[in-house]
Amino acid sequence: FRGCSGGSTSSTAPSWLLTAVQLGYMPVLTTEPRLEGQKTASTFVLDQPRCVFKDYGNADIWLVVALDGAESSFNNTDRPGSPEIAFQSFPNPARAYMTLNATLANYPCPKPAGDITVLRVGSETSCAKDEMRPTCNGPLPGPGPYRVKFLALEGSVPVAETQWSEKIMLPEAKSSNTISTTGSGHSAGMIAITTILSILFAILLAALVAMLVFWSSDSCSGSSTFSKPESVTVRRYNTHHVYDQPAARL
């Protein structure tokens with residue numbers, strides 16, 4: 001039994017003696033600001049357990065994913081990939097599965113500056129139905145809720161484990177048949193009204209352009225027309241002093 005004086009853990013010890021050390025760490029959803037999609041309809045993203053298993057350099061570290069309420073019945077002594085906890089049997093009849101195995105080298109402590117140290121649960125689609133890959137990190141089958149924990153195994157012996165996480169609820173994908181077309185900002189009625197208004201605006205704009213072209217051509221035509229100038233009448237005047245000369249009366 002690990003940590004007890006006077007003996008060492010035996011891999012042949014009864015399963016009720018194989019009690020893993022309880023660590024104070026609790027897995028949490030990442031708050032990494034550079035990462036989008038903390039939760040989707042079939043995945044969620046956890047922070048890696050850095051510096052959590054530093055005393056267990058020979059262990060394989062597994063992530064256990066369980067339905068909420070099934071964590072109490074999960075057996076740490078179940079071998080990863082066994083039929084009872086195969087991903088392909090989750091969530092029924094298997095109520096939990098193990099995935100994302102890693103060694104301590106995958107979780108260096110302290111974490112390098114600038115690294116994004118996360119685990120996306122549910123990201124593998126290629127092995128989701130492959131029974132030869134029972135520890136597949138396949139898409140989660142529903143919104144949950146789920147709980148997760150990290151478990152360290154040396155061979156088949158559980159040596160350390162974290163606390164179970166809080167409930168993780170995924171957003172539920174909506175069927176296209178259930179999406180309402182009324183009362184929303186982009187309903188079918190609003191789209192139709194917007195389309196009609198766009199057409200009317202285009203027609204009005206075209207009419208305005210046509211009127212501007214017509215007025216412009218009419219103005220140019222008027223500027224090239226010259227009216228015939230009126231004739232100028234010059235009146236003839238006789239100066240009075242001519243008739244005042246004596247010679248003119250002869």
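In these exercises a residue is called buried when its relative accessible area is under 20%, and exposed when that area is over 50%, with partly exposed in between. The model is a predicted one.

**Exercise 1. Strand S6 and its partners**

Work out which strands are joined to S6, how many bridges join them, and whether S6 is enclosed or open.

Solution. Begin with strand S3 (residues 60–67), which runs antiparallel to S6 and is joined to it by eight bridges; within this pairing, Val-64 stands opposite Lys-149 of S6. Next take strand S7 (residues 157–161), which is also antiparallel to S6 and is joined to it by four bridges, with Ala-160 in S7 as the bridge partner of Ala-152. The hairpin of S6 and S7 has two residues between the strands, and in this hairpin Gly-155 takes a positive phi near 70°. Finally, consider burial: eight of the nine residues of S6 (residues 146–154) are buried, so the strand is largely enclosed by the rest of the structure.

**Exercise 2. A salt bridge between S6 and S7**

Find what Lys-149 and Glu-161 form together, and decide whether the two residues are buried or exposed.

Solution. The side chains of Lys-149 and Glu-161 meet in a salt bridge, at 2.3 Å from N to O. Lys-149 belongs to strand S6 and Glu-161 to strand S7, so the pair ties together parts that are twelve residues apart in sequence. As for burial, both Lys-149 and Glu-161 fall in the buried class.

**Exercise 3. A salt bridge between two loops**

Locate Asp-68 and Lys-167 in the chain, and classify each by its accessibility.

Solution. Asp-68 forms a salt bridge with Lys-167, with the closest N and O atoms 3.6 Å apart. Asp-68 lies in the loop between S3 and S4, whereas Lys-167 lies in the loop between S7 and H1, so that the pair links distant parts of the chain, 99 residues apart. With a relative accessibility of 27%, Asp-68 counts as partly exposed, while Lys-167, at 52%, counts as exposed. Salt bridges that share partners join Asp-68, Glu-71, Arg-147 and Lys-167 into one network.

**Exercise 4. Two aromatic pairs**

Determine the geometry of the pair Phe-74 and Trp-164, and then that of Phe-90 and Tyr-97.

Solution. The whole structure holds four aromatic pairs. One of them, Phe-74 with Trp-164, is edge-to-face, at 6.3 Å centre to centre and with 85° between the planes; both residues are buried. For Phe-90 and Tyr-97, the ring centres are 4.9 Å apart and the planes stand at 65°, so this pair is edge-to-face, given that the cut-off is over 60 degrees.

Methods. Residues are numbered from 1 along each chain as its sequence is written. This is a predicted model: local features need pLDDT of at least 70, side-chain atom pairs count only at pLDDT 80 or more; totals for chains, interfaces and linings use all residues. Side-chain values use heavy atoms; hydrogens and water are left out. Buried means under 20% relative accessible area, exposed over 50%, partly exposed in between (1.4 Å probe, protein chains only). Two strands pair if DSSP finds at least two bridges between them. Rings of Phe, Tyr and Trp (its six-membered ring) pair if their centres lie within 6.5 Å; planes under 30 degrees apart count as stacked, over 60 as edge-to-face and the rest as tilted. A salt bridge is a side-chain nitrogen of Lys or Arg within 4 Å of a carboxyl oxygen of Asp or Glu.
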